[in-house]
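The following note is offered as a colleague's reading of the model shown below. Its numbered points may be checked against the coordinates in turn.

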Amino acid sequence: MSQSSATNSEDGSKRTNNESVAVDSVIDFKGKHFGLESTSEDSDDYLVSGSEGTMIDVERFCHADYRIEQYAHSVLDFSSQYGIDLSISYTAPNITGRPSKYPEYGDFPQTFAMRTYGAWWDRAPSRLKEIQPQNVSEIPAEDFIAKTWICLWEDKEFYTKPLYIPSRARRFTPPLKRIQLPTKTIRLEFNHQRLHYYTEIDAVLLSGKKFNTRNMQHLLDYYERQRKGSILCKLQNMKFRPICRDNYQNRLQHFLMHDLDKFISVLSDVQIQSIQHQQQQQVQSPSTDEIKISKIGLKNMPFEIMLKIFSYLDLKSLFRVGAVSRFLYDVSTHPLLYSELNLKPYWHLASTELLSTLAKRATILKKLDMSWCGCTVQTISPTEFKKFIQQRGDSLTHLRLNSTKFLNASCIDTLGIVCDNLKELSLRNCSPSPPLLNFSCLANLKNLERLDLFQTVIESDLLLTMLENNPKLKHLNLAFCSVAVNMDDVAQHIAKYNKQLISLDMWKAHFLSAQGLLVLSNCHNLEEIDFGWCLREASLGDSLREFLTQCTKLKKLFLAAVRGLTDRDLEYIANLCPNLEQLDLMGVLGISKERYIDILQKCAKLQLLDLCFCDNIMDYDVALWSRTFKVDIKSCQVPNDFR
């Protein structure tokens, strides 16, 4: 059983279909291998394991007759976190080991906090559309022997926020699927669209029965039986062996090419005769009109209509329908159906063989998303990915490789040389600190409109060169950028070469001064800006006023923990931002209550206002403002009955 001990948690469930997932974590439990048990009981007792016991037989496997529980040993990978790697505050490794704060309730840096909450990021100007939306939503656990993934639990029900949420920590214990295959690795996905605010997780606990690895052959036999269908299993039990005559392959091919249609036609005639016979028996009057039966099938439909129908299928369904008949195979392998490929939902199935197959079908590939592929087990070789890009990368316009671990220097070189038509490049969480990849060849890209380097370490000179070579850039994400990158230099290059910029994310990037803020005022098309934890000067002077005066299209302005803000700066926001929809002032101190009211009155389009950890305001005041101005105001412990 997988359990999450969470503080400030409102929902720890999985996503439903067509909803974005903001963070994933792959967690390892060292040493022991578990056969998981399903349970939905909530308990505050952590350890129920024993030190002694016998082994019992379940499905011919030997398990201990006692349950053992183990906390997460390590985090193998994650997609995002609130903290930075150079700190221990709000980082993913904090969920390892025993709970450090549970059952206490509050805000604790010793926990794992996630970067986003709610649907606000999907409503921002920088929002991303999913490439070829898929109908797959699973969170598996990994079988440590067969290296396969099995879905343990997913929430498919529509979530509605309860009217009252108690202010206390809770344990989330979903009913897991009972499996006999042992596991020690689980992967968690969180649907942040259901979260009211930042959620913190303290620990993850895996519970089950210890598996006896000495009985390995029974496990392998069981796994092999699971892979076979019912017919194949029956034939195997009957010890069926087909008679293989000479030249049987040619005979089968001849039958498929020349006699299969005749065989189907005979079956159709027999079926038609049977239908006519049944209808004649039901006729009581001899004057019944003649029955006309037309033979119209899928082959009679225009090919364009078939392509349109197949365009609604996800990738797995396309492969399945292609196994039905030769005609459906020809339709399902048409290049137009593979102009956009989204392998992110199939991260656990992506392999070198799959890439080789897709390379034959996707001859006009435009968009590719391989995020999370090869994140735990190296199922995709860098050589095969490089070969795939060499074959199909010249037409690519959108490429997302978030949290991919198979990339090496040769892959990056190939991307920079072959994919010269790229308009979007996303490399989130691809290169840790110190950097292991050389991105120098990316300087060859000159058509980028979106560049996402969230939590990816890159050299300062290369970043500046990329900004200079891509004047059409509209969306730039440098959150968690390397400390070696000077944000003032970045701001100067943006103001000079990227004046069409619409969104800029510098959240927790290296120090940006008031001078850097001032030069960004040359980007008049800016609609979204995130300076959270980045502007750390004691005073901003007139730089914020100049920035807001020139950038009148702002819809999203995040100024979390900007200590230099004053009442005068908030007056500028109220008077100069008529289109503002989202405003984050979390942790801003020394602001009077009247300035917040001024913003609420003058920013008529405001939908979100974050005032957590701000002083000089009372919770009841915030609740009253939220109800009066119809704005979602985030504040610490606002009574639920006043929302």
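**Notes on the predicted model**

1. Of the 643 residues in the protein chain, 51% are buried. The model under discussion is a predicted one. The chain holds 16 helices and 24 strands. Its exposed area comes to about 31,600 Å², of which carbon and sulfur atoms supply 51%.

2. As to contacts, consider those in the protein chain with a separation of 6 or more: residues 24 or more positions apart account for 78% of them. Individual residue pairs that illustrate long separations in sequence are taken up in the points that follow.

3. The salt bridges number 14 in total. One of the salt bridges joins the side chains of Asp-77 and Lys-405, with an N to O distance of 3.8 Å. Asp-77 belongs to strand β6 (residues 74-78) and Lys-405 to the loop between β15 and α9, so this pair ties together parts that are 328 residues apart in sequence. The two partners may be set side by side: Asp-77 counts as buried because its relative accessibility is 5%, under the 20% limit for that class. Lys-405, at 35% relative accessibility, counts as partly exposed.

4. The loop that carries Lys-405, between β15 and α9, also holds Asn-402; β15 spans 398-400 and α9 spans 409-418. Is Asn-402 buried or exposed? With a relative accessible area of 15%, Asn-402 is buried. Leaving aside residues up to four places away in sequence, Asn-402 touches Ser-371, Trp-372, Ser-426, Leu-427, Arg-428 and Cys-430.

5. Arg-428, one of the residues touched by Asn-402, has a salt bridge of its own. Its side chain meets that of Asp-452 at 3.0 Å, N to O. The pair links distant parts of the chain, 24 residues apart: Arg-428 sits in the loop between β16 (424-426) and β17 (450-452), and Asp-452 in strand β17. Arg-428 counts as partly exposed, at 22% relative accessibility, whereas Asp-452 counts as buried, at 9%.

6. A further salt bridge is formed by the side chains of Glu-189 and Arg-187, for which the N to O distance is 2.4 Å. Both Glu-189 and Arg-187 are buried.

7. Which residue in strand β19 deserves attention alongside Asp-452? Asp-505 is in strand β19 (residues 503-505). Asp-505 and Asp-452 are separated by 53 residues in sequence and by 9.3 Å in space, C-alpha to C-alpha. Asp-505 counts as buried, since its relative accessibility of 14% is under 20%. Beyond residues up to four places away in sequence, Asp-505 touches Arg-115, Leu-476, Asn-477, Leu-478, Ala-479 and Asp-530.

8. On the surface, a patch of positive charge gathers Lys-366, Lys-423, Lys-472 and Lys-474. Lys-474 is found in the loop between α10 (460-469) and β18 (475-477). Its relative accessible area of 30% makes Lys-474 partly exposed.

Terms used
Residues numbered from 1 in each chain as written. Predicted model: local features only at pLDDT ≥ 70, side-chain atom pairs only at ≥ 80, totals over all residues. Heavy atoms only, no water. Helix = DSSP H or I, 4+ residues; strand = E, 2+ residues; numbered from the N terminus. Buried < 20%, exposed > 50% of the residue type's maximum accessible area, 1.4 Å probe, protein only. Contact = heavy atoms within 4.5 Å. Patch = residues over 30% accessible without salt bridge, like charges linked within 9 Å, V, L, I, M, F, W, Y side chains within 5 Å. Areas by Shrake-Rupley, 256 points an atom, 1.4 Å probe, with all protein chains shown as cover. Salt bridge = Lys/Arg side-chain N within 4 Å of Asp/Glu carboxyl O. Lys, Arg positive; Asp, Glu negative; His and termini not counted. Charge placed at Lys NZ, Arg CZ, Asp CG, Glu CD.
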